[in-house]
Amino acid sequence: MNRFLLVSTLGAVFLVLLSGSAQTPSRDENWTRCQDNNPDLSIGACTALIESSAESPANRATAFHNRGDRYLRKGEGDKAIADYDAAIRLKPDDAVAFNNRGDAYLDRGEYDKAAADFDAAIRLNPDYVGAFNRRGYSNLFAGRFAVAASDFQKSMGLGATGPYSVLWLHLARARSAQDDAQELSRNAASLDLKVWPGPVVAFFLGQMNAEQVKAAANSDAKTQHERNCVASFFLGEKVLLDGKAGEAERLFLQSRETCPPGFIQYQGAQSELKRMGR
């Protein structure tokens, strides 16, 4: 073989080897990608770490947990739950894994399983504000209204603030036939009711009517789709409390149709329609 051909051949082999090594991320690169917000990038990296014999059980638990989060974000609930199961087996004291598996069950409308997971998260972390909130949703949608009110009250006591916290607590109390008009007024006192979803709070306070809430929902072209989802759900709850089941059903159907994926109001509308036999 002449010198030129030999050099060319060796160069080609070197480039192939170099290319191959460039396509295989390092362990550190995989950990960085496993935590990336891009699900498609993250899932592959987490899978590589899960399948690596070099990772400890605790590290594999983290990789399973992260991959479960990304599957949940993609709407692949079965895969997410399987990964959370694996993460919990490897690290049974991970409150966040229980909470996030609860989220996956909540998305599927499996409210009892969701509540059980939020129970576990709270046992592991008694100050877990998010778990109290999520358990509140699960209990509310399952029809355990007074229990839901207690959960939302606890989350507010731990520091949950803002109009949605006020709205969910009021709704749970109203559905459990509690008169919380004075507390609603106190909880809303520090809110700017001009900023969405402030108009919904103002509606429950009797300061706005339904048409004004709808007008506020449609005032911003970029967010009107999401706002109409929220408005329809809470307006539906109000007319349901007023005994107008037919009108409530129409509003819940509208909310379910307009809610973006992952909106908690979608699950709320779905649970109400199920109770109505729809």
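Modeller: Before we start, a helix here is a DSSP run of H or I with at least four residues, a strand is a run of E with at least two, and both are numbered from the N terminus. The structure above is a predicted model.

Biologist: How many helices and how many strands are there in the chain?
Modeller: Let's count the runs of each kind along the chain. The tally comes to 16 helices and zero strands.

Biologist: Is the chain more spread out or less spread out than a compact globule?
Modeller: The globule rule gives 19 Å for 278 residues. The radius of gyration of this chain is 25 Å, well over that value, so compared with a compact globule the chain is more spread out.

Biologist: What does the C-alpha trace span along its principal axes?
Modeller: For this we follow the C-alpha trace along each principal axis in turn. The spans are about 90 × 45 × 40 Å.

Biologist: What percentage of the residues count as buried?
Modeller: A residue is buried when its relative accessible area is under 20%. Of the 278 residues in the chain, the share that passes this test is 46%.

Biologist: How confident is the predictor, and which stretch has a pLDDT below 50?
Modeller: On average the chain has a pLDDT of 92, and 92% of the residues score at least 70. One stretch has a pLDDT below 50, and beyond near neighbours in sequence it has two contacts in the model. Where pLDDT is low, the predicted coordinates should not be read in detail. The stretch to treat this way is residues 3–21.

Biologist: How many disulfides are there, and in what pattern?
Modeller: Two sulfur atoms of cysteines must lie within 2.5 Å to count as a disulfide. By this rule there are two disulfides. Counting the bonded cysteines along the chain, the pattern is 1-2, 3-4.

Biologist: Which helices hold Cys-34 and Cys-46?
Modeller: Cys-34 and Cys-46 are joined by a disulfide, with 2.0 Å from S to S. The pair links distant parts of the chain, twelve residues apart, with Cys-34 in helix H2 and Cys-46 in helix H3.

Biologist: Is that disulfide right-handed or left-handed?
Modeller: Both Cys-34 and Cys-46 are buried. The torsion about their S-S bond is about 100 degrees, so the disulfide is right-handed.

Biologist: How many residues apart in sequence are the parts that Cys-229 and Cys-259 tie together?
Modeller: A disulfide joins Cys-229 to Cys-259, again with 2.0 Å from S to S. Cys-229 lies in helix H14 and Cys-259 in the loop between H15 and H16, so the separation in sequence is 30 residues.

Biologist: Is Cys-259 buried or exposed?
Modeller: The cut-off for buried is under 20% relative accessible area. Its partner Cys-229 is at 0% and counts as buried. Cys-259 has a relative accessible area of 10%, so Cys-259 is buried.

Biologist: Is Pro-261 buried or exposed?
Modeller: Pro-261 lies in the loop between H15 and H16. To be exposed, a residue needs a relative accessible area over 50%. Pro-261 has 84%, so Pro-261 is exposed.

Biologist: Which helices do the buried residues of H15 pack against?
Modeller: H15 has 14 residues and reaches 20 Å from its first C-alpha to its last, close to the 20 Å expected. Its buried residues include Leu-251, Phe-252 and Leu-253. The helices they pack against are H14 and H16.

Biologist: And which helices do the buried residues of H16 pack against?
Modeller: H16 covers residues 264–275 and reaches 17 Å, close to the 16 Å expected. Among its buried residues are Ile-264, Ala-269 and Leu-273. Their packing partners are H6, H7, H8, H10, H14 and H15.

Biologist: Which residue just after H16 takes a positive phi?
Modeller: Here we look at the backbone where the helix has ended. The phi is about 85 degrees, and the residue is Gly-277.

Biologist: Which residues is Asp-117 in contact with, leaving aside its neighbours within four places in sequence?
Modeller: Asp-117 is found in helix H7. With a relative accessible area of 5%, Asp-117 is buried. Beyond those neighbours, Asp-117 is in contact with Phe-98, Arg-101, Gly-102 and Tyr-105.

Note on methods:
Residues are numbered from 1 along each chain as its sequence is written. This is a predicted model: local features need pLDDT of at least 70, side-chain atom pairs count only at pLDDT 80 or more; totals for chains, interfaces and linings use all residues. Side-chain values use heavy atoms; hydrogens and water are left out. pLDDT is the predictor's confidence in each residue, from 0 to 100. Contact means heavy atoms within 4.5 Å. The expected span of a helix is 1.5 Å times one less than its number of residues. Buried means under 20% relative accessible area, exposed over 50%, partly exposed in between (1.4 Å probe, protein chains only). The radius of gyration is taken over C-alpha atoms; the globule rule is 2.2 Å times the number of residues to the power 0.38.
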